[in-house]
Amino acid sequence: MMFDLQQALSIDGVVNFVKSWADAYIESDTVQQFVATLHIVMGRIGIPETIHPTADQVVLSTNITILTLLLYYHLIGRSHHSRRLQLTSDLHLAALRVLELEDLLLTQSKEENRKKGGGEVRIFMDGAFDMMHYGHMNAFRQGRSLGTQLIVGVNSDESITRCKGSPVMTDRERLTAVEGCKFVDEVIPGCPYVMTSDYLDYVIKKYDIDYVVHGDDPCVVDGKDVYESAKERGKYQSIPRTEGVSTTDIVGRMLLMTKDHHKRSGFEEDGAKLITAEKDGMKNNEILGTYSKFLTTSRMLRLFSVGVEAPEEGQRVVYMDGSWDMFHAGHISILKKAKEMGDYLIAGVHSDAIVNQHQGSNMPIMNLHERVLSVLGCKFVDDVLIDAPYTITPEMIASLKISQVIRGAATKTDEGLRYEHAINAGIYRKIDSPCDFSLDDIFERIQASQKRFENKIEKKKRQEQEYYDNLYGMKNGEKK
């Protein structure tokens, strides 16, 4: 009985405390001023004084509204939020499942092609491959998976310019990029942008081609399907386009100068942080750069890692690190030379934060995952160190069994403490690149024709949005 009385007294005490607090709150200057202002506003809009709320009524209705919103969030809003998270997770899993099914379809097509061909099946792909990126490399990987040999035709400067404007990269630079891809067996220079029946006959006959392959997105020039003649001969097969990446998007990032595409994860040196910088006149140009929509999965990394094996006993391991941003002909040339310094080449790829700390602006243009895939696709690289430390330590040298550390002579960063341990160990070497092409050259070319690229990108983005809308039954990126 004593316990119940104490409990009642305790409850009464709480009630009295709340009541006294509420009375003090209602009589406070803040509430009284608010109610007075409310009465003035209501009077100006013609509401009679007889129905103006009192301070008690205002406080009561405000508290009821707040309590209702809290109850709604607790009982309904949280479940809606959980549902949205679940739908996002389901969408991501569905996208991964689509990738798996696409690969199964390619594998099945490969087996059917082999049965028809009785053994070796030679696949032909062609394109401009301007500013070649990992999306192109993935197309090569898929194309080659349909057969046993992949022959790639690279369109000439002249034919590209005639059909869609001059490319950023020269013939030689684009050829070097394609030749450096590990999924490509042979390269044909000087191919026309639009294949005629006569040219297709020439390619099929001279290079013993079984199938012509292209992405499933339409390729139409002047109202004509570029691959019409191949389809008429039953020599055409399509592969799914690599979603989330395009040359249009990459050029847009360069012009817009944003860092939305960066990844913030992994190894970061003390003080490494993303530096904010904008280029004059670019911050409002929202039609251009966007964040990377590419889904980087362990499976995609595994597919690009095909052929990667540990170094054999006695092999000389060479290590070379860098940002490898906008992976280009200059990178491929120096990696080829670095590989010649030993037997097994490991390429270290720095994080977005480290690259941005040392290069500033919106660098890197490609985020860590994108750059890793590009380097993995290079035929001269045996393995990749992802999120590589900026400073090469004795522990790292011992763990990777590095016998030589290579640095490009044109690298802008100082040697400093970065290479101190490699220098002391006598395994440091600086080499000149066989090619003087650099990322600065790409920037200069893009900026020299900025207006042309802006117009071209806006048109291309509309075409890409239409492609994805048709593919997923959407309208302007939204579900119909």
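**Rings, sheets and a cavity in a predicted model**

In this predicted model, the charged end of K231 is placed over the ring of Y236, at 4.9 Å from the ring's centre. A second arrangement of this kind involves R418, whose charged end sits over the ring of Y390, 4.2 Å from its centre.

Y236, the tyrosine beneath K231, also leads to the first sheet to be described, since β7 covers residues 236-239. Strands of a sheet pair through backbone hydrogen bonds, and they may do so in a parallel or an antiparallel way. Here, five strands make up an open sheet with parallel pairing, and their order is β3-β2-β1-β4-β7. The edges are taken by β3 (186-191) and β7 (236-239); each has a single partner strand, so one side of each is left without a neighbour in the sheet. On average, neighbouring strands of this sheet are turned by 30° against each other, direction ignored. At the β7 edge, the partner is β4 (residues 211-215), and four bridges join these two parallel strands. One helpful place to look is G215, whose bridge partner in β7 is I239.

Attention now turns to another sheet. Five strands form this open sheet too, again with parallel pairing, in the order β10-β9-β8-β11-β12. Its edge strands are β10 (383-386) and β12 (428-431), and because each has a single partner strand, one side of each lacks a neighbour in the sheet. From one strand to the next, the twist averages 30°. Strand β11 (residues 402-408) runs parallel to β12 and is joined to it by four bridges. Within this pairing, I406 has R429 of β12 as its bridge partner.

The residues of β12 (428-431) also bring aromatic rings into the picture. A pair of aromatic rings is described by how far apart the centres are and by the angle of the planes. Four aromatic pairs occur in the structure. One of them joins Y419 and Y428 in a tilted arrangement, with 5.1 Å from centre to centre and 50° between the planes. Why is Y419 counted as buried? Its relative accessibility is 2%, and the cut-off for buried is under 20%.

Finally, the model contains two cavities of 30 Å³ or more. The largest cavity encloses about 70 Å³ of space. Its lining includes F129, M131, M132, M169, E173, R174 and A177, along with M326, F327, H328, A329 and I442. Which helix gives the most to this lining? Helix α6 (residues 171-179) does, with three residues.

Conventions
Residues numbered from 1 in each chain as written. Predicted model: local features only at pLDDT ≥ 70, side-chain atom pairs only at ≥ 80, totals over all residues. Heavy atoms only, no water. Phe/Tyr/Trp six-rings, centres within 6.5 Å; stacked < 30°, edge-to-face > 60°. Buried < 20%, exposed > 50% of the residue type's maximum accessible area, 1.4 Å probe, protein only. Lys NZ or Arg CZ within 6 Å of the ring centre and 35° of its normal. Pairing = 2+ DSSP bridges. Axes fitted to C-alpha atoms, helices over the stretch in contact; angles between N-to-C directions. 1 Å grid on protein atoms, 1.4 Å probe; cavity = no way out; pocket = protein on both sides within 12 Å on 5 of 7 lines; lining within 4 Å. Points joined across faces, edges and corners; volume = space filled by probe spheres on them.
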